[in-house]
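Reader: Hi! I'd like to talk through a structure with you. Could you pull it up?

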Amino acid sequence: MEELAYIPSPSRGVIHLGPIPLRGYAFCIIIGVFVAVWLGNKRWIARGGRAGTVADIAVWAVPFGLVGGRLYHVITDYELYFSAGRDWGDAFKVWQGGLGIWGAIALGAVGAWIGCRRRGIPLPAYADAIAPGIAFAQAIGRWGNWFNQELYGRETHVPWALHITSSEGGRIPGYYHPTFLYESLWCIGVGFLVIWADRRFKLGHGRAFALYVAAYCVGRGWIEYMRVDDAHHILGLRLNDWTAMIVFLLAVLYMVLSAKKRPGRETVVEPGVSDEAVEADGDTEAGGAGETGEVSEAAEAKDTEASGDEAEAEAEAEAEDDADDEAKDQDEAKDEAGSGSKKS
């Protein structure tokens, strides 16, 4: 039965620009990386770091993360590449999908640690700055699964069902839960949660990153349970469900212990930045003092000039008063002389 409302799948996940293939999955990953670096840079500057530091360290973190994500996928789904009838060369075809977030975060952290160590920067402070950006990058990257028509959930007839049209790789065309969309929306919520909590509670020493990890694991647990793609099961649960539970507990434990051992937030996140700020403030104060002195001297000169003008005006007024008194005395003398003449 044809659904009245559904999310259509793209007819193809790649567009050829001449001999160059432009793959939707790769575009989503690249855009996500740019968003994470952009937001992380803004947060790093707000924490007191230099502009460009996040991008410099990302040069190490991103390649390590891509390799780690691919390794996790290949190791946990090795039968897709190394079982009978499979081509092990497909393990290197990243554009076909298959990046495990657990491996990406783990090995990406190693790359970030190398970059931070080279710059003398504490890794926990850097992780706090980029945490919400990583969540938003995941939200964007999940749309790569939509381009590849993969990682969907059980069959459903909800209005937002995903219409799968491909039959490659054992797919059965039909209408399924769009778990890629659920995870994308969840990651957006996680990103905003971390931003809010960081502002509200001044999270530091890696606790903002730990909050991101814990919140993501909660969503990944129920979303993973809905998926129908092949996966290893342990005691009836998918492997990624177990991973999510273990990582969630570790993240919460880190938050609790870190808050007790190192409360508050780092005062300095990048060496030398505070000294540069102090020098800049000193130059500004010196310049301001010089300008103030010049203004004061000008004001004093103006006051002196005004005082001179006032003295000169007073002197002129006194001279006029003296002249008036002298003229009055002369008039009185004339009157007395006239009176004497008459008497004589």
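Reader: Thanks! What sign does the phi of Gly48 have, just after α1?
Author: Happy to help, and keep in mind that this is a predicted model. Gly48 has a positive phi there, about 110°.

Reader: And α1 itself, how far apart are its end C-alpha atoms?
Author: They are 33 Å apart. Helix α1 covers residues 24-46, and its 23 residues at 1.5 Å a residue should span 33 Å, so the two values agree.

Reader: Which residues of α1 are buried?
Author: Among them are Gly24, Tyr25, Cys28, Gly32 and Trp44. Cys28 counts as buried because its relative accessibility is 8%, under the 20% cut-off.

Reader: What do those buried residues pack against?
Author: Their partners are β3 (20-23), α2 (53-76), α5 (123-141), α6 (143-147) and α7.

Reader: Nice, tell me about α7. What span should it have?
Author: Helix α7 takes in residues 179-201, and its 23 residues should span 33 Å at 1.5 Å a residue. The end C-alpha atoms of α7 are 32 Å apart, which agrees. Lys202 follows α7 with a positive phi, near 55°.

Reader: Back to cysteines: is Cys187 buried or exposed?
Author: Cys187 is buried, with 1% relative accessible area.

Reader: How many disulfides turn up in the whole structure?
Author: The search finds 0 disulfides.

Reader: Changing topic, which residues form the nonpolar patch on the surface?
Author: Tyr78, Phe82, Trp88 and Phe92 form that patch, and together they have about 540 Å² of accessible area. Phe82 lies in helix α3 (residues 79-82). At 51% relative accessibility, Phe82 is over the 50% cut-off and so counts as exposed.

Note on methods: Residues are numbered from 1 along each chain as its sequence is written. This is a predicted model: local features need pLDDT of at least 70, side-chain atom pairs count only at pLDDT 80 or more; totals for chains, interfaces and linings use all residues. Side-chain values use heavy atoms; hydrogens and water are left out. A disulfide is a pair of cysteine sulfur atoms within 2.5 Å. Buried means under 20% relative accessible area, exposed over 50%, partly exposed in between (1.4 Å probe, protein chains only). Helices (H or I, at least four residues) and strands (E, at least two) are DSSP runs, numbered from the N terminus. The expected span of a helix is 1.5 Å times one less than its number of residues. Patches are made of residues with over 30% relative accessible area and no salt bridge: like charges are joined within 9 Å, nonpolar side chains (Val, Leu, Ile, Met, Phe, Trp, Tyr) within 5 Å. Accessible areas come from the Shrake-Rupley method with a 1.4 Å probe; for residues, only the protein chains shown count as cover. A salt bridge is a side-chain nitrogen of Lys or Arg within 4 Å of a carboxyl oxygen of Asp or Glu. Contact means heavy atoms within 4.5 Å.
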